[in-house]
Amino acid sequence: MSTPSTPSTVDRAFRTALYDTTDATLDSAASLLAADPGTDADVARRGEEFLATAWQRGWQPADVVRIVRRELDETHIRLVSALIRRQAPNDRPRGRRWTAQLDALHTEEPPPADRFSHATAVLELYRLLLRLPALEPLDESRPESRPESRALTRIRALLAKAEATAYPEEAEALSAKAQELMARHSIDEALLAAQAPAPDAPGACRIGVEPPYEQAKAVLLDAVAEANHCRAVWNEPFGFSTVVGFEADLEAVELLYTSLLVQAQGAMTKAEAVQRAGGRKRTKTFRQSFLAAYAHRVGTRLRAVTEHAATQATADLLPVLASREVAVADRLERMFPETTTTRLRGAGDTAGWTEGTRAADRARMGSRRPLP
């Protein structure tokens, strides 16, 4: 004669807390786990299962850390980082970008806490993981150890020199040369791919677009992507844009966007200091307008550099470039059959717009900090 099995402590705790969002149920479940140290291994194993489900739904390590940062706090970031690191050896190989995301995880363990507080934080994290929706899947089959080309190595060296020099004219010259090489590198990659037995296909990656002023930052990333033969789609609720393009162009977008964003933050801080010295307080509209103007002007400059490089292409390469544009558009359409446009809000501050435009004109086309 068989009888129903008794639910384990972990089952009872999860049933209480993970499918009900009230504080009372969370406290009850945390008390159950805290009172039974024998549940620890099972709780950790369940967390790895939640992560594996998130990967199946299209999430990646950086995406999960980003949403945890937006929704929870530093303790939870450390918890999820440790959980991802523990789960990684049991996962399949997923490509170079995935490996880079694992390498970028927090290595600090969560701060010591009593068992009840620790169980509460774990349950809060698991609640979030359990509710993650499906995302558009990315291509994770890229080579794990793709060697960096000599062109990209030279670009990084030029940008490093541009960031290190104290002379603006030298920085502008070095950075302009770096962006020209980026455009040239994209054309060379297109030619090599066209001659290969199996032509390359466009891929996709996600780039974080963090608050505050994420709308203006998304516009900046869109401008960088377009100038480098890629397309970007912004996911505002989850704090990232998906960039679609060929691998060399995706690398250029990641490189350049990071540099421009850091430069914008530095220039905006200086511009605000001038505003305060003149008796004006810092305002949200000033910063929003600054970043919006910066993105607009940078996009104009980048397009000019890229279009100039394209004019140097030979006649037999033009169909190749056109076919790559079509391939990127097709991949974008398959990933995002429905998109909407967003109108940039809060960019009506004249002083912010003026200072943002000036900063974009001074920006170095750079890799990590400092564009022309």
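Student: What makes the pair R97 and E254 a polar contact in this predicted model?

Tutor: Their side chains come to 3.0 Å. The cut-off for a pair of N or O atoms is 3.5 Å, so the pair counts as a polar contact.

Student: Which other side chain makes a polar contact with the side chain of R97?

Tutor: That of E247, at 3.1 Å. This value is also within 3.5 Å, so the term applies here too. Leaving aside neighbours within four places in sequence, R97 is in contact with C205, E247, L250, E251 and E254.

Student: Why is R97 called buried?

Tutor: Its relative accessible area is 17%. Buried means under 20%, so R97 qualifies.

Student: Which residues of helix 6 are buried?

Tutor: In helix 6, residues 96-103, they are R97, W98 and Q101.

Student: How do you know that these buried residues are on the same side of helix 6?

Tutor: Around the axis they cover an arc of only 100 degrees, which puts them on the same side. In general, an α-helix has 3.6 residues a turn, so residues three or four places apart point the same way.

Student: What do the buried residues of helix 6 pack against?

Tutor: Their partners are helix 3 (40-56), helix 4 (61-71), strand 1 (203-208) and helix 11 (247-277).

Student: Which element gives the largest share of the lining of the second largest pocket?

Tutor: Helix 10, with six residues. The space in this pocket is about 650 Å³. Of the 22 lining residues, D222, A232, V233, W234 and T340 are the closest to its centre. By class, the lining has eleven nonpolar, six polar and five charged residues.

Terms used
Residues numbered from 1 in each chain as written. Predicted model: local features only at pLDDT ≥ 70, side-chain atom pairs only at ≥ 80, totals over all residues. Heavy atoms only, no water. Buried < 20%, exposed > 50% of the residue type's maximum accessible area, 1.4 Å probe, protein only. Helix = DSSP H or I, 4+ residues; strand = E, 2+ residues; numbered from the N terminus. Arc of directions from axis to C-beta. Contact = heavy atoms within 4.5 Å. 1 Å grid on protein atoms, 1.4 Å probe; cavity = no way out; pocket = protein on both sides within 12 Å on 5 of 7 lines; lining within 4 Å. Points joined across faces, edges and corners; volume = space filled by probe spheres on them. Nonpolar A, V, L, I, M, F, W, Y, C, P; charged D, E, K, R; others polar. Polar contact = N/O pair within 3.5 Å; in protein donor to acceptor, adjacent residues only side chain to side chain.
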